[in-house]
Amino acid sequence: DELRRKFYLIIIANTNDPTIGKSSQKDVAGISETFATLTRQVGIQLIPVIVSGDAFNIGNTQRVIDTIKPSANDILFFYYTGHGFRYANDVSKYPRISFRTNNLQVRAKNNLAVEDVYKLLLAKRAKVTIVISDCCNEKLGASVPFGMDMLRPRATGTEGLKLNFDNFRKLFLPNQTTSIVIGSASPNQLAVGNPNLGGFFTNFFKAELIKSLYSNTGENSWLRISLNATENTRKQSLTALCSTTPNVNGRCVQRAEVKVLPPL
């Protein structure tokens with residue numbers, strides 16, 4: 001039964017961007033590697049779809065969302081890294097994905113609201129649906145902040161580590177249908193990262209997930225994993241200078257928007 005499950009990994013990444021492309025490339029590599037190793041270890045088929053580089057645009061992304069057809073036992077993981085924004089009158093707490101790669105492209109025709117992506121994917125009725133966007137959630141025209149490197153050893157990846165199967169089952173093979181939507185920054189906040197590490201939220205989320213899957217000390221709930229990542233990101237975001245957005249003494253404040261259903 002488990003072997004017939006599929007893990008759909010959709011990665012949308014603005015890797016060519018002159019300011020954040022390098023950071024996004026790091027994110028893509030980290031997320032891809034983590035789930036390639038995990039699915040191999042548990043014997044679930046990974047179906048990766050990456051829209052990046054010159055292929056990065058709204059049409060290709062919408063095609064992926066439209067055509068993906070998970071079954072009721074499958075896992076659907078959508079991950080975006082790149083630029084994000086919000087319109088002044090947006091009601092959703094989650095940002096919009098910006099697909100503009102030059103100034104000639106009309107902004108209104110080149111964005112997708114993260115909450116809309118979540119609703120579209122949720123309607124496909126996979127067992128687990130996860131939507132994560134690591135991007136700014138600020139009104140138009142804000143500049144991208146870069147934070148300092150974290151003082152910690154670089155993770156060597158999960159190859160060769162012993163999987164905590166109980167936690168894996170609880171997270172990825174739950175009894176109840178589970179859905180998660182995360183925007184790495186709250187309304188009017190910027191998302192911090194740097195070219196060496198990628199997005200801070202992506203890094204901390206991945207670290208918490210790996211701790212859960214490969215140790216006995218990690219959390220075994222999506223909510224705890226997400227909240228730990230949110231708090232670690234908040235602390236690390238204070239290493240970046242922010243002039244415009246809500247800030248603490250000129251330092252960035254970044255707190256993720258997280259919704260986990262059921263809220264476990």
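**Group meeting talk: a sheet, a disulfide and some unusual backbone spots**

N249 counts as exposed, because its relative accessibility is 76% and the mark for exposed is over 50%. One thing before I go on: this is a predicted model.

Stay with N249 for a moment. Where does N249 lie? In the loop between β11 and β12. Its backbone is worth a look. N249 is not a glycine, yet its phi is positive, about 50°.

R125 is another residue to look at. What is its phi? Near 60°, so to speak on the positive side, in a residue other than glycine. R125 sits in the loop between α3, residues 114-122, and β7. Is R125 buried or exposed? Exposed: its relative accessibility is 67%, and the class needs over 50%.

Now the sheet. How many strands form it? Six, and the sheet is open. Read across, the order is β2-β1-β3-β7-β8-β13. The pairing is mixed. Which strands are at the edges? They are β2, residues 45-51, and β13, residues 257-261. Each of these two pairs on one side only. On average, neighbouring strands of this sheet are turned by 5° against each other, with direction ignored.

A general word on pairing. Strands of a sheet pair through backbone hydrogen bonds, either parallel or antiparallel.

Here is one pair from this sheet. Strand β1 covers residues 6-13, and β3 covers residues 75-81. The two run parallel. How many bridges join them? Seven. If you want a spot to find on screen, take I12: it stands opposite Y80 in β3.

Next, a helix. Which strands does α6 lie across? β7, β8 and β13. Helix α6 is residues 222-237, β7 is 128-134 and β8 is 178-183. Against β13, α6 runs at about 175°.

Follow the chain past β13. P262 lies in the segment after that strand. What kind of peptide bond joins L261 and P262? A cis bond, with omega about -10°.

On to the cysteines. The count comes to one disulfide. C242 and C252 form it, and their sulfur atoms are 1.6 Å apart. The link of C242 and C252 is right-handed, with 50° about the S-S bond. What does this pair tie together? C242 lies in the loop between α6 and β11, residues 247-248, while C252 lies in strand β12, residues 251-252, so the disulfide ties parts that are ten residues apart in sequence.

Are these two cysteines buried or exposed? C242 is buried, with a relative accessible area of 5%. C252 is buried as well, at 1% relative accessibility. Buried means under 20%.

Two other cysteines to mention are C135 and C136. Why is C135 not bonded to C136? The sulfur of C136 is the closest cysteine sulfur to that of C135, but the distance is 7.0 Å, too far for a bond. A disulfide needs the sulfur atoms within 2.5 Å. C136 is in no disulfide either, since its nearest cysteine sulfur is that of C135, 7.0 Å away. What about burial? C135 is buried, with a relative accessible area of 1%. C136 also counts as buried, at 10% relative accessibility.

To recap: an open sheet of six strands, a helix α6 across β7, β8 and β13, one disulfide, and a cis bond between L261 and P262.

Technical notes
Residues are numbered from 1 along each chain as its sequence is written. This is a predicted model: local features need pLDDT of at least 70, side-chain atom pairs count only at pLDDT 80 or more; totals for chains, interfaces and linings use all residues. Side-chain values use heavy atoms; hydrogens and water are left out. Two strands pair if DSSP finds at least two bridges between them. Helices (H or I, at least four residues) and strands (E, at least two) are DSSP runs, numbered from the N terminus. Axes are lines fitted to C-alpha atoms, for helices over the stretch in contact, and angles run from 0 to 180 degrees between N-to-C directions. Contact means heavy atoms within 4.5 Å. Buried means under 20% relative accessible area, exposed over 50%, partly exposed in between (1.4 Å probe, protein chains only).
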